[in-house]
Amino acid sequence: MKGTRGRFGNIKRFWKTVCLFCLLALVCAGCGGSEKAEGLPSVRIGVSLYRGDDTFINNIRGELEKRAKAYEQETGVKVHLDIQDAKGSQNTQNNQVERFISLGCDVVCINMVDRTNVSIIIDKAMAAGVPVVFFNRQPVEEDMNRWDQLYYIGVDPKESAVLQGSIVADLYEENPEQVDRNGDGVVSYVLLEGESSHQDSVIRTEWSVQTLKDSGVPVEKLTGGIANWERSQASALMEQWLKEYPGRIELVISNNDDMALGAIDAIERAGVSGISLVGIDGTVPGNEAVEQGTLLGTVASDKEEYAGVMMDIAIARARGEELPEDLVLEEGKYYWVSQEIVMKKEK
Amino acid sequence: MITKREKIIWAVYGAALVLLFLASSTDLIIKERENPVYPISVVIEEDSDDQYVNFRKGMDQAAMELNADVSFITLYESSQAEQQLEMLRREKQDGAQALVVAPVDEGALETALEAEPLEVPLILSNGDGLAEYASAEVSVDIREMGRALGGEVAGRHGSGERILLFENGEETSVKGRFEEGLRESLSQAGFELVSVSGDRENGFRNALESLCYPAEQDAVVIALDPDSLLETAELLEESARYRPYVKGVYGRGTSIPVLNALDEGWITGLCVTDDFSAGYLCARLAVDGARGTLKKTEISLPFYYIEREALREPRYEKMLYPIE
Amino acid sequence: MEQPGKRSWMRQFSIRTTIYVYFTVSALVAILLIGVSLYGRLTSQMTATIQEENQALLNQVNLSVDAYLRTIMKLSDSLYYGVIKNADLSAETVNNEFTLLYDNNKEQVSNIALLSKEGELLEAVPAARLKPGLDVTEEEWFQNTLERTDNLHFTTPHVQYLFDSTGNQYRWVITLSRAVEITRGTATDQGVLLIDITYGSFQQLLDNITLGNSGYLYVISSGGDLIYHPRMQLIDAGLAEENVQAAASYRDGNYREEYRGETRDISVKSVGYTGWKLIGVSPERGIALNNLKTKLFIVFIVAFVLYILALINSYISTRITVPIQKLEKSVNALEAGDLNAEIHIGGSYEIQHLGRSIRDMAERIQTLMKDIVAEHESKRKSEFDTLQSQINPHFLYNTLDIIVWMIENEQKDEAVKVVTALARFFRISLSKGKSIIPVRDELEHVRNYLMIQQKRFKNKFTYEIDAEPETLELCSLKLMLQPLVENSIYHGMEFKMDGDGEILIQVRRREDGLWFTVGDNGLGMTEEQVESLLTGEAAVHSSRGSGIGVKNVNERIRLYFGEDYGLSIDSEPDEGTTVTIHLPALTKEELREKEGL
């Protein structure tokens with residue numbers, strides 16, 4: 001009688017062989033895994049600008065790049081700054097944010113095209129655990145409160161407007177004729193407004209004029225128009241107005257420097273003089289215009305501070321560190337950059 | 001009766017099955033090649049990317065198509081050869097699998113790399129002929145460009161005209177070659193050439209001033225680099241005084257402000273290049289390099305001399321204003 | 001017998017291997033067939049589905065492009081019919097209305113402008129100035145628009161150059177223009193209403209649309225200019241190519257084309273009003289389950305199923321074939337001569353049956369062999385007995401005594417007779433060792449015996465031998481009659497005092513064979529005596545007899561001629577006894593045939 005041994009004779013041996021093979025396979029797989037490049041610590045920041053040719057935004061961008069380089073040189077930590085232009089399309093910006101996240105950005109800085117349409121970006125960022133630093137165009141409070149890793153850096157529009165108003169008000173106080181050129185006791189002004197959907201336009205417009213009124217400057221609005229922060233649009237509008245109100249315009253109040261410069265372009269083209277202009281931003285060309293005397297004054301925000309705070313928050317968050325102690329954020333999210341009046345220095 | 005041989009066959013077969021299963025249905029053996037992302041770094045010779053906008057657009061297009069991650073590195077200070085070298089090495093250390101460089105000083109770069117090679121593929125943008133140390137090159141013949149521009153200027157102006165060569169005081173290989181070519185054809189045509197450096201404050205302004213005062217003279221301005229060209233255009237736009245004396249402004253450059261200046265008439269004639277294609281090709285060659293499939297290539301792109309009308313021609317329109 | 005050569009190894013396959021191989025091969029073929037046909041089916045199904053989906057997608061995109069263009073055209077209509085027509089431009093401005101309409105379409109529209117026939121910019125939203133030095137009236141599109149006043153004109157994409165723009169921006173736009181009637185006071189005049197559509201918003205409709213695996217779509221104008229292509233910039237720069245020329249000639253529908261070594265499916269759909277065409281391209285190779293992992297998976301499935309089948313198959317074949325193998329082993333043992341080998345009974349009922357049959361047969365063989373051995377043994381014994389009796393010493397001594405007495409009593413002639421008879425008697429007894437002799441010789445033998453015995457018993461009896469002549473040459477068994485006669489004499493005649501004992505031997509040939517009778521009128525026997533004669537031990541020798549008993553004769557007859565023949569005794573006490581012998585009637589030749597020599 002033959003002994004009945006198991007199916008494979010020695011079952012144990014069969015299983016041993018199988019296990020050995022499995023082990024081999026796993027080891028091979030493990031070895032074949034990718035080797036992470038052992039590199040220096042580095043920080044990757046994605047920045048999306050709402051429109052690349054906005055001078056103020058451009059200046060901020062320049063400062064960001066400078067600050068990044070300085071940080072690199074100081075600490076040896078490589079900062080990979082990826083700056084993209086959304087060209088005024090929220091869609092494009094959303095795609096850019098997606099790309100940032102997929103490329104492994106540690107932090108993104110967004111200058112929203114449409115501040116009411118933030119949820120897509122916040123969703124993506126939250127899902128990927130990527131902190132967001134909004135700047136210059138402020139999302140609504142409800143959106144900002146959705147996550148504790150959302151920040152906003154901006155310039156307090158009311159403060160800007162009040163300072164802007166005070167430029168004219170102070171000058172009027174000192175020397176009314178400077179402002180009221182035709183001496184009719186009224187300062188006739190035209191108003192150049194930014195985008196209608198931008199929170200700053202409304203506030204700046206309102207408070208600028210209010211400040212003048214509060215300071216007792218007799219103002220009369222001739223007309224106003226929306227130039228969407230753009231120099232060329234302001235230029236076109238101003239040209240029209242110069243034709244419409246020849247000799248009557250004494251003051252141009254502009255929500256930002258670019259539009260003020262556009263108005264200056266139109267004035268120069270028309271060969272007119274005697275109009276005071278005030279802007280807000282303190283952009284490089286704006287400051288130059290102040291130096292040259294074509295722009296009465298502007299309210300400059302500290303660009304270095306602006307970019308500096310942005311970078312500080314971004315880099316700290318990217319490296320998982322706490323924010324610098326001296327950095328105080330309102331409600332833990334908001335930072336208002338300091339600003340000051342820029343007027344031509346009397347020699 | 002199951003022989004020993006049979007048992008072995010069963011065991012081996014079973015093991016092969018397990019392997020097959022692992023290979024086909026799990027990620028243990030064959031990893032679905034997630035499209036690999038190739039990190040590439042580009043180091044240019046300037047401290048801002050103003051002149052490289054179209055180039056970057058071309059690179060971005062290639063990056064999207066070929067799944068590359070492009071780092072665009074500008075120097076802390078323009079035209080610093082050592083800094084550029086440092087940047088190259090730093091990028092390589094940070095994991096760049098291929099490098100693109102627009103060299104500040106080719107000679108210095110060559111020497112440095114021969115002493116200590118980079119070990120990653122290096123693509124030259126606007127180099128001077130295929131060098132040993134580079135894996136590929138995408139260039140415009142700058143010297144020829146200079147010659148051609150000189151020819152155009154010679155064609156438009158009498159040899160009696162003074163020619164002011166404006167430049168911003170930074171030495172780069174590209175500028176050097178451009179100047180060489182320019183001087184060649186201009187001297188041949190018998191022009192008098194005066195170099196003016198914008199390095200000193202108001203260098204250009206003073207030069208233009210000197211045309212009006214004390215004695216009135218005409219001149220033709222040729223800018224050796226885009227920055228100087230732009231500055232000249234701005235000067236002319238600002239102040240009407242110089243305009244009658246400046247008979248023509250020429251130079252090279254492809255950034256939008258330069259093109260606008262050409263459109264507005266402050267620049268008379270301009271040498272332009274297809275930067276978008278250059279950027280695209282550089283990025284593609286770099287990805288090939290990262291993949292390991294790069295063969296030594298030298299791509300020569302043409303340059304064009306255009307005047308204002310050309311901006312409206314579809315051909316130039318598409319080249320100079322790339323759609324993204 | 002095994003034939004040498006190649007084919008022999010195939011014959012060597014056991015049942016197990018054969019079942020195994022056939023089963024596995026057929027399973028494999030079945031799997032492959034199923035697999036291949038399924039794969040083919042799936043692929044073609046997928047291809048068809050994808051093509052359908054692509055078609056649907058193309059239609060969808062067509063609709064959205066159509067809707068997009070219509071929106072812009074409606075905007076133009078609103079601007080014209082809703083605003084411009086109702087406005088007296090000498091008295092009022094249409095800026096607010098324009099601004100309202102612009103704000104509603106900000107995403108798609110870059111500029112809205114109203115120009116007079118002379119090229120003067122009457123209204124622009126957002127605020128803009130014409131580029132200084134630009135004479136609009138010299139622009140081709142302007143002239144075309146004024147010429148064909150009933151149409152809306154779409155340009156191909158171009159960089160916006162009409163309006164002064166600052167900074168680093170340039171915009172690609174598509175210009176939609178129409179001729180309008182402008183009212184100024186009482187005069188009406190021609191003008192042009194212009195809407196610049198941002199190319200970006202158009203692009204968004206078409207970006208990121210993939211058809212199938214690696215398909216894409218693009219748009220060309222009726223003139224064959226590219227309006228949109230995913231790689232538009234590269235094509236313009238000469239770094240990529242597209243089969244635009246061919247596409248321009250296609251009408252709406254589906255085509256197949258070969259371009260740069262690739263086969264592609266082309267779908268063409270026209271966009272309304274503009275004459276633009278939407279071209280969907282799907283390369284053929286995009287559709288296939290050509291993932292390496294998928295292929296490996298298929299291989300795995302096939303291998304796995306095979307494995308399971310093989311396992312089952314192996315198990316089954318073992319259950320069937322192992323019992324056969326065990327049976328085979330048992331048979332081998334049997335063949336080797338071990339009749340007592342254990343036969344394996346197991347497996348399916350057929351195998352069990354075979355096993356049992358083989359076992360029974362082995363047992364029968366054993367029994368038969370035992371029988372043969374027994375038969376040979378008894379034959380041998382009989383032979384031995386016969387042999388012994390052939391030289392019966394007692395008869396010899398007695399007869400010799402008689403002869404000596406005769407010689408001593410000077411009965412020479414009698415002595416000679418007896419000696420002669422004796423010699424003859426022994427000669428036939430030996431018969432050169434043969435067992436079968438002719439009847440004549442057997443009769444001679446018994447006659448000689450009778451004669452001697454007569455002399456010995458001083459003529460106590462008489463005898464007669466009566467044989468038919470035709471029986472004389474037939475075969476008879478040797479020493480068959482003499483023992484019977486011996487019995488007769490010693491049991492019947494011996495006690496007959498008056499010499500009227502009679503012994504009659506008759507031989508007759510009948511239909512059913514050869515019949516011998518040996519009859520006497522002696523004492524007779526009881527039934528018990530008859531019984532004991534027939535069954536008695538042959539070893540009981542009568543001291544005066546030949547030593548072979550009646551039983552022996554019977555046995556020998558039956559041994560030689562079969563069970564049908566033999567001896568029977570008929571006896572009446574005090575009357576007599578008749579012994580009958582039945583033999584087959586065979587001649588020598590017949591007998592030889594029968595024995596198959």
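Two residues are in contact here if their C-beta atoms, placed from the backbone, lie within 7 Å. The structure is a predicted model, in which local features need pLDDT of at least 70, side-chain atom pairs count only at pLDDT 80 or more, and totals for chains, interfaces and linings use all residues. Residues are numbered from 1 along each chain as its sequence is written, while chains are lettered from A and ligands numbered from 1 in the order in which they are written.

**Nonpolar cores**

By the contact criterion, and not counting residues up to four places away in sequence, C:Leu217 touches C:Leu58, C:Val61, C:Leu206, C:Ile209, C:Leu211, C:Leu278, C:Ile279, C:Gly280 and C:Val281. A residue is buried if 20 or more other C-beta atoms lie within 10 Å of its own, exposed if 12 or fewer, and partly exposed in between, with C-beta atoms placed from the backbone. A nonpolar core is a set of buried Ala, Val, Leu, Ile, Met, Phe, Trp, Tyr and Cys residues joined through C-beta atoms within 7 Å. The largest such core has 100 residues, and C:Leu217 is one of those with the most contacts inside it, together with A:Val252, A:Ala263 and A:Leu277. Helix H2 (residues 15-84) of chain C gives the most to this core, with eight residues. Helices (H or I, at least four residues) and strands (E, at least two) are DSSP runs, numbered from the N terminus. Apart from the core with C:Leu217 lies another, of 91 residues, among them B:Met59, B:Leu182, B:Ala207 and B:Leu281.

**Chains B and C**

The radius of gyration is taken over C-alpha atoms, and the globule rule is 2.2 Å times the number of residues to the power 0.38. A compact globule of 597 residues would have a radius near 25 Å, but chain C has 67 Å. For chain B, the rule gives a value near 20 Å for 324 residues, but the chain has 27 Å. The boxes in the table hold the C-alpha atoms and are taken along the principal axes.

| Chain | Residues buried | Box, roughly | Helices and strands |
|---|---|---|---|
| B | 48% of 324 residues | 120 × 45 × 30 Å | 11 helices, 12 strands |
| C | 31% of 597 residues | 205 × 45 × 40 Å | 16 helices, 18 strands |

Among contacts in chain C between residues at least 6 apart in sequence, 64% join residues at least 24 apart. In chain B, residues 24 or more positions apart account for 75% of the contacts with a separation of 6 or more.

Domain bounds come from an automatic or database domain assignment. Chain B is divided into domain 1 (1-32), domain 2 (38-140 + 276-300) and domain 3 (143-273). The C-alpha centres of domain 1 of chain B and domain 3 of chain B lie 76 Å apart.

Between the two chains, 23 residues of chain B are in contact with 22 residues of chain C. On the side of chain B that touches chain C, at least two residues each come from helix H1 (4-25), helix H9 (256-264), helix H10 (275-291) and helix H11 (314-320) of chain B. H1(B) gives the most to this side, with seven residues. For the classes, Ala, Val, Leu, Ile, Met, Phe, Trp, Tyr, Cys and Pro count as nonpolar, Asp, Glu, Lys and Arg as charged, and the others, Gly among them, as polar. The side of chain B that touches chain C then has 14 nonpolar, four polar and five charged residues.

**Chain A**

Chain A is divided into domain 1 (42-154 + 303-338) and domain 2 (157-301). Taken over C-alpha atoms, 31 Å separate the centres of these two domains. Their contact takes nine residues from domain 1 of chain A and 11 residues from domain 2 of chain A. On the side of domain 1 of chain A that touches domain 2 of chain A, helix H2 (55-75) and helix H12 (303-318) of chain A are the elements that give two or more residues. The largest share of this side, three residues, comes from H2(A). By class, the side has three nonpolar, three polar and three charged residues.

A:Leu49 lies in strand E1 (residues 42-49) of chain A. This residue counts as buried because 25 C-beta neighbours lie inside 10 Å. Leaving aside its neighbours within four places in sequence, A:Leu49 is in contact with A:Ile57, A:Arg61, A:Ile83, A:Asp85, A:Ala86 and A:Asn111. A:Leu49 and A:Arg61 are 12 residues apart in sequence and 8.6 Å apart in space, C-alpha to C-alpha.

pLDDT is the predictor's confidence in each residue, from 0 to 100. Chain A averages a pLDDT of 85, and 88% of the residues score at least 70. Over residues 1-6 of chain A, pLDDT stays under 50, and the model has one contact beyond four places in sequence for them. Over residues 28-39 of chain A, pLDDT also stays under 50, with seven contacts beyond four places in sequence.
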